[in-house]
Structure formats: structure tokens, C-alpha cells
Amino acid sequence: MSIADVDRRDDLGAFAAAHGATLAFLQQGDPSLSLELTRLADAGAARIVLVGVSTGPLAPALSWLRRIAAYWWRERAGSRPEILVATRLLEGPDGLADAIADVRPITGDEPGLTAAAWEDVTGHRHQVMVCRGPRCTAKGAVDGIRGMVMAMIEHQLGDEDVLLVHTGCQFPCNQAPVVSVQPDDVWYGEVDGEVAARIVAEHFVGGRPVESHRLARK
Ligand code: FES
């Protein structure tokens, strides 16, 4: 469900395979849920059971699994399988049987992917690019993201203050994990959870960049 779960794809894939299931991602990972539903439907599946998995914090609400599946179902041309969605998220290896035993069908009446609140480009003071390229991911980018989000919650910063964006490689990989802050053009390296919390408190709230982890600009 969450971006952090993409980093656990090997473990999650092995878990799914051991239970005769396949893996799909709601965001960032490949295959996407929509692609996997199409593959299964094209292969003749008549009934698909979806179990949302979140192995860490910051996953979107379970309702998003239903909304995305319903969107695919409505848009699907040709024969459509029955889709059932577990009513609870799986947060570890236990409880799969219980989750599968408590499912609700997709009816097509679920909310769509748009809402009035998502019409306009939001105003925000800072756009923060968190590198999720291969080097930064391997060196713990997810810890920095978690620390940043938790600190933003603590300081009550919303999207109008900071728009957090996940990116591919931003190039100074030797300094991984890398975070860049615009429009200030401030770049940070070695951003773990603790440094991320300092960036929130000192830079976003206090207005002073964290010089100890600031990268020099050419
Ligand atoms: S992978 Fe993050 S800067 Fe290259």
C-alpha cells in the first residue's frame, strides 16, 4: 500500500508466492494494481481477492485499495472478474486467512479517483524532493522520509507548507540519501530520520538550513 512497501518487494513477493498469490503495488512499484488486475483478468480469472498489505506507517487508507480496484473495474472493457477486497490491512505475515475470510465485493458504486478538493495546483512554501533513486533507497531514504513526515505532523505542517515529492536519482549519489528543497535551492546529504527531523524543525519552521548536512553547490 505505501511507498515504503516497495522496498520490501522481495519479502512480500516470496510471501505472496508461498500462498499462491501475486504482488501488485498501489503506488510507485511495478506491477501496479491496475496492470496486475488486467493480467489476471486477461488470463481468465473469474474471481480476484485483494488483500492490502502495509508493513510500516504512512500507508494510504484502505479505502484507496477499493477506489483503485473499482476504477479499474468500471473502466475494464470485456469480461470483468468478481473482485473482493479484504476489510482489513495485513501488517505482517500473520492473519492472512482471517483477512481473506472477511471481504466485501467491488460493486462499481465506489467513489472515483477525483474530488473537488484535488482540482487545483496547491500553493506551498517549500517543495521537498526526496530521492528514491537506487543509491539513496539502498542507503535508507525511507528512514529519512519517515522522520520527515513524523516531524511535519509534530509541527503541524500541511501540504500548503511543504509538498513532499519522491523522485528518481538527483545525481549527487555519493551523498545519499539526498533531499533537495525548492525554491530555496538547498540540498542535503546523508539524511537519516534524525537529520530529516532537524530539517523540518530548523529549516521549514525556523527558516535556517541545517548547515551540517547541506551540500555545496558548484
Ligand atoms: S540515487 Fe539519490 S542522488 Fe542518485
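## Exercises on a predicted model

Leaving aside neighbours within four places in sequence, Val128 is in contact with Met148, Val162, Leu163, Leu164, Val165, Val179, Ser180, Val181 and Phe204. The model is predicted. Work through the exercises below with the structure open.

**Exercise 1. Find which residues have the most contacts inside the largest nonpolar core, and which elements supply it.**

Step 1. Start from Val128, whose contacts include Met148 and Phe204.
Step 2. The largest nonpolar core holds 20 residues, and Val128, Met148, Ile199 and Phe204 have the most contacts inside it.
Step 3. Now list the suppliers. Strand 4 (126-131), helix 7 (141-154), strand 6 (179-182), strand 7 (186-188) and helix 8 (193-205) each give at least two residues to this core.
Step 4. Look for another core. A second, separate one has 16 residues, including Leu37, Ala41, Ile48 and Leu50.
Step 5. Put this in general terms. In soluble globular proteins, nonpolar side chains tend to be buried together.

**Exercise 2. Work out the strand order of the four-stranded sheet, and explain why strand 5 and strand 7 each have one side without a neighbour.**

Step 1. The four strands form an open sheet in the order 5-4-6-7, with mixed pairing.
Step 2. Strand 5 (162-167) and strand 7 stand at the edges with a single partner strand each, so one side of each has no neighbour in the sheet.
Step 3. Check the twist. From one strand to the next, it averages 20°.
Step 4. Examine one pair. Strand 6 and strand 7 run antiparallel and are joined by three bridges. Val179 has Tyr188 in strand 7 as its bridge partner.
Step 5. Add the helix. Helix 7 lies across strand 4, strand 5 and strand 6, and runs at about 170° to strand 5.

**Exercise 3. Decide which side of helix 3 is buried, and find what it packs against.**

Step 1. In helix 3 (residues 33-42), the buried residues are Leu33, Glu36, Leu37 and Ala41.
Step 2. These residues lie on the same side of helix 3, because they cover an arc of only 130° around the axis.
Step 3. Recall the geometry. An α-helix has 3.6 residues a turn, so residues three or four places apart point the same way.
Step 4. Turn to the other side of helix 3. There, Leu35 and Asp42 are exposed.
Step 5. Find the packing partners. The buried residues of helix 3 pack against strand 1 (47-50), helix 4 (63-75) and strand 2 (82-86).
Step 6. Follow the chain onward. Just after helix 3, Gly44 has a positive phi of about 100°.

Notes: Residues are numbered from 1 along each chain as its sequence is written. This is a predicted model: local features need pLDDT of at least 70, side-chain atom pairs count only at pLDDT 80 or more; totals for chains, interfaces and linings use all residues. Side-chain values use heavy atoms; hydrogens and water are left out. Buried means under 20% relative accessible area, exposed over 50%, partly exposed in between (1.4 Å probe, protein chains only). The arc is that of the directions from the helix axis to the C-beta atoms. Contact means heavy atoms within 4.5 Å. A nonpolar core is a set of buried Ala, Val, Leu, Ile, Met, Phe, Trp, Tyr and Cys residues joined through side-chain atoms within 4.5 Å. Two strands pair if DSSP finds at least two bridges between them. Axes are lines fitted to C-alpha atoms, for helices over the stretch in contact, and angles run from 0 to 180 degrees between N-to-C directions.
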